[in-house]
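Could you walk me through this model in the viewer, one selection at a time? I would like to know what to click on next and what I will find there.

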Amino acid sequence: MFQLEKKQPFSSSLLWTLQKKYFEEKGFDAWRLAEVPQYVTSNPRIASSYAEMIFACYKDLLSSGPVDEPIYILETGAGSGRFAFYLLKRLSWLCKQAAVPEQSFRYILSDFTQKNLDFWTIHPCLQTYFENGMLDIALFDMTQQETLHLQLSKKNITTGILQTPLIVIANYVFDSIPQDLFYCTGGKAEMILVSSHTVEDPADLTAGEVLETIACEYHRQQVDHTFYEDPVFNMILDHYRRNITDSYVFFPAAGLRSLAHLKSFSSKGILLLTADKGEHRLYNILYKEAPGIVRHGSFSLSVNYHAFRAYCEEDGGASCFPDFQHRSINTGCVFLMDHAEKYKETMMAYQKYVAESGPDDYFTLYRNLNANIATLDVKEILSAIRFSLYDSRVLGLSIERLQQLVPDTTMNERVDIINLVNQCWENYFPLGERTDLASQVAMLLYDLGVYNLAIYYFQISIGLYGNDTGTMYNLAACHYQQGEKDNAKGLLYRVLEHDPHNIGAQDLLVQCEG
């Protein structure tokens with residue numbers, strides 16, 4: 001057994017160092033290989049909800065007079081960049097509908113590893129927003145008190161520099177940065193200390209492998225009523241002392257400190273939009289048994305949104321969370337600012353796009369769609385795709401079933417399928433996934449007899465994944481169906497050069513030469 005640490009405060013545990021190292025090692029592969037959950041907070045529905053709230057905030061500001069500087073939107077822990085792509089598309093559309101200059105907003109993609117920033121700068125889906133000035137990038141660590149340096153515009157955002165509220169997006173962030181852990185009983189609060197070990201030598205393992213095998217033990221140490229430097233933290237912890245019996249509770253001190261730091265950047269405070277597996281009701285943040293960590297390449301914990309709400313309200317702000325019990329993610333809108341009651345449009349947008357039917361409801365329906373796709377008819381599938389706001393992932397999920405239904409589709413349904421395919425492709429943010437969506441789309445279009453459009457998507461597939469012999473054969477079949485035998489033969493010769501025993505290519509070549 002290899003001892004890694006002994007009786008360290010939970011928030012100072014080696015776990016968090018390994019967490020950071022994992023993302024530094026993996027870069028965007030953490031999302032490309034689907035090791036880290038992302039879809040629930042990276043789909044067009046949730047991004048559209050955020051865009052509507054951001055645009056509503058802009059309207060709230062306009063109601064008090066002209067807005068003379070861009071509204072800065074900081075996405076922390078942005079990962080793959082896919083969420084930003086969806087949000088920017090929707091926000092750009094809202095601007096055009098209302099004749100608002102797109103440059104009224106400045107979106108900052110940030111993460112703590114430069115690998116991710118370098119990936120964003122070359123991703124083709126983001127280039128439009130870099131070029132029109134809506135998008136910038138910054139190296140930013142939520143656990144550090146640092147200046148926000150925008151790498152493209154060279155602007156530094158620091159204390160008091162902004163005159164409009166800073167909008168902060170934190171999806172699956174607070175569950176992945178250090179938290180304190182306490183055990184409350186008998187009017188006392190005991191800090192949890194961690195000892196950890198592995199069976200294998202950690203020197204021979206990657207950070208992800210250590211996190212998969214690490215075992216932790218918890219110890220308790222009583223703390224006094226002035227444990228934190230921040231009196232508001234102590235007030236909240238004292239509330240837990242008095243109201244919690246024989247239970248563990250997380251305390252998001254690092255997350256709250258980060259928000260206080262970000263708030264200092266603007267004279268108007270910050271608007272936090274956040275989604276995570278967290279709870280905002282006191283009775284839901286308690287753990288009778290020691291809470292475990294959820295492992296998925298990295299690891300995550302539940303977020304104590306009750307503390308965020310208490311901190312915000314003590315600071316004179318306001319917060320919005322759903323009245324219903326969520327299933328997968330809790331989405332909150334937190335106003336860490338003075339005169340929060342003036343942001344009526346923003347609060348109404350939250351009510352409409354989150355509280356009444358929001359990201360958690362959509363993900364629940366998506367999971368049901370995933371489980372029952374084989375039972376749906378064409379109209380039900382097309383409705384689901386439209387409801388997803390033309391999500392390419394929902395299209396990918398549906399293609400096999402649509403192919404089965406092609407023989408019985410009407411002409412109008414075929415036209416609808418073709419239109420939806422093209423709209424979903426516009427929402428595709430490729431990460432080099434193993435699944436070749438372009439090829440799947442092309443095969444569906446081939447089955448529909450739309451050979452010219454199938455050719456277009458097979459060519460995209462080759463551009464993304466290279467000259468796969470299967471794709472080239474399918475492309476040749478499209479040309480053959482269109483009577484373009486010379487194009488088909490050229491492709492088939494290339495297929496047989498790499499795969500001389502390909503019977504299908506041999507047979508099709510005979511037909512082309514006949």
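Start with a surface view of the protein chain. Its accessible surface comes to about 21,900 Å², and 49% of that belongs to carbon and sulfur atoms. Keep in mind while you look around that this is a predicted model.

**The whole chain**

Switch to a cartoon view. The protein chain holds 20 helices and 18 strands. The radius of gyration is 26 Å, close to the 24 Å that the globule rule gives for 514 residues, so the chain is as compact as a globular protein of that length. If you turn the C-alpha trace along its principal axes, the spans are about 90 × 65 × 45 Å.

Now colour by burial: buried residues make up 55% of the 514 residues. Turning to contacts with a separation of 6 or more, 74% of them join residues that are 24 or more positions apart.

For a last overall view, colour the charged side chains. You will find 42 positive and 62 negative ones, and the centres of the two sets lie 3 Å apart.

**Strand β12**

Select residues 270-276, which form strand β12. Is this strand enclosed by the rest of the structure, or open? Seven of its seven residues are buried, so β12 is largely enclosed. Show the side chains to see the two directions: I270, L272, T274 and D276 point one way, while L271, L273 and A275 point the other way. Both groups are buried, and a residue gets that label because its relative accessible area is under 20%.

Next, add the strands that pair with β12. One of them is β7, which runs parallel to β12 and is joined to it by six bridges. To see a point on this pairing, pick V168, which stands opposite L272 in β12. Another partner is β18, which runs antiparallel to β12, with seven bridges between them. Stay on L272 here, since its bridge partner in β18 is V334. L272 is therefore a handy residue to centre on: V168 stands opposite it, its partner in β18 is V334, and β12 around it is largely enclosed.

**Strand β18**

Move across to residues 330-336, strand β18, where seven of the seven residues are buried. Which residues lie on each face of β18? N330, G332, V334 and L336 are on one side, with T331, C333 and F335 on the other, and both faces are covered.

Two of these residues help you trace the pairings. T331 has A275 opposite it, a second point to label on the β12 pairing. F335 takes you to another strand: it is the bridge partner of A318. Select residues 318-320 to show that strand, β17, which pairs with β18 in the antiparallel sense over three bridges.

**Two loops with positive phi**

Go back to β7 and follow the chain past its end. Y172 lies in the loop between β7 (166-171) and β8 (180-185). Its phi is near 50°, a positive value in a residue other than glycine. Y172 is partly exposed, with a relative accessible area of 21%.

Then jump to L389, in the loop between α13 (378-387) and α14 (392-405). Here too phi is positive in a residue other than glycine, near 65°. L389 counts as partly exposed, at 24% relative accessibility.

**Q103 in its loop**

Select Q103 next, in the loop between α4 (82-97) and β3 (105-111). Q103 is partly exposed, at 37% relative accessibility. What does Q103 touch, not counting residues up to four places away in sequence? The answer is P70 and N132, so show both side chains, because contact here means heavy atoms within 4.5 Å. You can also draw a distance from Q103 to E69: these residues are 34 apart along the chain, and their C-alpha atoms are separated by 9.3 Å.

**Last stop: Y473**

Finish in helix α18 (residues 469-481), the place of Y473. This tyrosine counts as partly exposed, at 26% relative accessibility. Leaving aside neighbours within four places in sequence, Y473 is in contact with L492, V495, G504, A505 and L508. Show those five residues as sticks around Y473.

To end the tour, draw a line from Y473 to Q127. The two are 346 residues apart in sequence and 33 Å apart in space, C-alpha to C-alpha.

Definitions and conventions
Residues numbered from 1 in each chain as written. Predicted model: local features only at pLDDT ≥ 70, side-chain atom pairs only at ≥ 80, totals over all residues. Heavy atoms only, no water. Helix = DSSP H or I, 4+ residues; strand = E, 2+ residues; numbered from the N terminus. Rg over C-alpha atoms; globule rule 2.2 N^0.38 Å. Buried < 20%, exposed > 50% of the residue type's maximum accessible area, 1.4 Å probe, protein only. Areas by Shrake-Rupley, 256 points an atom, 1.4 Å probe, with all protein chains shown as cover. Lys, Arg positive; Asp, Glu negative; His and termini not counted. Charge placed at Lys NZ, Arg CZ, Asp CG, Glu CD. Pairing = 2+ DSSP bridges.
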